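Please open the model in your viewer and keep the sequence panel visible. The stops below each give a selection and what is to be found there.

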Amino acid sequence: MALAGLIGGGIAGVVLGGAIGSEVALAIVCAFVGAILALIVAHYVIDRNAGASLPQGMVVWNVIVATVIGGLAGHELSVDLRTPPGSSLIGGLSGLLAAILIASFAMTMFALLNRLRTSKT
């Protein structure tokens, strides 16, 4: 999941680097791409039935939080590593951090859903 966020965010950074003027906006867009790709990978890797039982508002809220935190943290890290930072560095770090946040959310939900399933039987 982290690898998908890193690669997806980096590619989005390269593609959108010239189109988006603000580095912070680029970081947030790349973090969103990384978070969505991490959710897609989590759907296929962890459990395909887990997503169907989650409230959609919870998923949307976690994607928003991961996007904002991952985007801002990725931008700050890329500025600290290299001045001026490249768009691929901003996108890659933002996507990676957002994917890590989504991965922790997905694993927590998977563990909670398994606990609920086993306690019912």
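**First stop: H75**

Select H75, which counts as buried because its relative accessibility is 10%; buried means under 20% relative accessible area, exposed over 50%, and partly exposed in between, with a 1.4 Å probe and protein chains only. H75 lies in helix α3. Helices are DSSP runs of H or I with at least four residues, strands are runs of E with at least two, and both are numbered from the N terminus. Display next the residues that H75 touches: E23, V24, A27, I90 and S94, leaving aside residues up to four places away in sequence. A contact here means heavy atoms within 4.5 Å.

This is a predicted model, in which local features need pLDDT of at least 70, side-chain atom pairs count only at pLDDT 80 or more, and totals for chains, interfaces and linings use all residues. Residues are numbered from 1 along each chain as its sequence is written, and side-chain values use heavy atoms, with hydrogens and water left out.

**Second stop: W61 and the nonpolar patch**

Stay on helix α3 and select W61. Is W61 buried or exposed? W61 counts as exposed, because its relative accessibility is 56%. Now add V24, V60, I64, V68 and L72, which together with W61 form a nonpolar patch on the surface with about 530 Å² of accessible area. Patches consist of residues with over 30% relative accessible area and no salt bridge (a side-chain nitrogen of Lys or Arg within 4 Å of a carboxyl oxygen of Asp or Glu). Nonpolar side chains (Val, Leu, Ile, Met, Phe, Trp, Tyr) are joined within 5 Å, and like charges within 9 Å. Helix α3, residues 56-81, supplies the largest share of the nonpolar patch, with five residues.

**Third stop: L37**

Move to helix α2, residues 23-45, and select L37. L37 is partly exposed, because its relative accessible area is 30%. Leaving aside residues up to four places away in sequence, L37 touches A4 and G8. A distance drawn from L37 to H75, C-alpha to C-alpha, gives 19 Å, and the two are 38 residues apart in sequence.

**Last stop: the whole chain**

Zoom out to the full protein, whose secondary structure comprises four helices and zero strands. The C-alpha atoms fill a box of roughly 55 × 20 × 20 Å along the principal axes. Of the 121 residues, 35% count as buried. Among contacts with a separation of 6 or more, 78% are between residues 24 or more positions apart.

Conventions:
Accessible areas come from the Shrake-Rupley method with a 1.4 Å probe; for residues, only the protein chains shown count as cover.
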